[in-house]
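Please look through the structure below. The notes that follow take up its sheet, its disulfide and one loop residue.

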Amino acid sequence: QVQLVESGGGLVQAGGSLRLSCAASGRTFSRYAMGWFRQAPGKEREFVAGISRYGRSTYYTDSVKGRFTISRDNAKNTAYLQMNSLTPEDTAVYYCAADFRDGIATRGIEYGYWGQGTQVTVSS
């Protein structure tokens, strides 16, 4: 129903910024709430940020509030995660996910579609 492809990851020094993109296929992108998750080696996958179908609502985990911004452009079938003031603790594989609901879920099991992930590495 929807395929997701993340891009924009890379190596950045502490204090720097990256913008992740999640390109979605299909004609019904706006029907999906979108979320960003991340997983560091040896750690569980964690919710980072979510956005409702039309971008009216957003939600962030406490550790990224004020630094990360989730957005979407439904005309381009793309969701974004702008990451500023990055720290080594942000190092992880970042995944975008789609939830066929309007609200924002923080549990990964609520999302039915996932991208392949993009690596973000922040050096100190």
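## The open sheet

In this predicted model, four strands make up an open sheet, ordered S1-S3-S8-S7, with antiparallel pairing. The edges are strand S1 (4–7) and strand S7 (68–73). Each has a single partner strand, so one side of each is left without a neighbour in the sheet. From one strand to the next, the twist averages 15 degrees.

S7 and strand S8 (residues 78–83) run antiparallel and are joined by six bridges. Within this pairing, Ile70 has Leu81 in S8 as its bridge partner.

## The disulfide

The structure has one disulfide. Its partners are Cys22 and Cys96, with sulfur atoms 2.0 Å apart. The link is right-handed, with 60 degrees about the S-S bond. Cys22 belongs to strand S3 (residues 18–24) and Cys96 to strand S9 (residues 92–99), so the disulfide ties together parts that are 74 residues apart in sequence.

Are the two cysteines buried or exposed? Cys22 is buried, because its relative accessible area is 0%, under the 20% cut-off. Cys96 is buried as well, at 1%.

## Ser52 in its loop

Ser52 sits in the loop that runs between strand S5 (46–51) and strand S6 (58–60). This loop residue is buried, with a relative accessible area of 4%.

Which backbone atom does the Ser52 side chain reach? The side chain reaches the backbone nitrogen of Ser57, at 3.0 Å. Leaving aside neighbours within four places in sequence, Ser52 is in contact with Ala33, Ser57, Arg72, Asp102 and Ile104.

Definitions and conventions. Residues are numbered from 1 along each chain as its sequence is written. This is a predicted model: local features need pLDDT of at least 70, side-chain atom pairs count only at pLDDT 80 or more; totals for chains, interfaces and linings use all residues. Side-chain values use heavy atoms; hydrogens and water are left out. Helices (H or I, at least four residues) and strands (E, at least two) are DSSP runs, numbered from the N terminus. Buried means under 20% relative accessible area, exposed over 50%, partly exposed in between (1.4 Å probe, protein chains only). A polar contact is a pair of N or O atoms within 3.5 Å; within protein, one must be able to donate a hydrogen and the other to accept it, and residues adjacent in sequence count only if both atoms are side-chain atoms. Contact means heavy atoms within 4.5 Å. Two strands pair if DSSP finds at least two bridges between them. Axes are lines fitted to C-alpha atoms, for helices over the stretch in contact, and angles run from 0 to 180 degrees between N-to-C directions. A disulfide is a pair of cysteine sulfur atoms within 2.5 Å.
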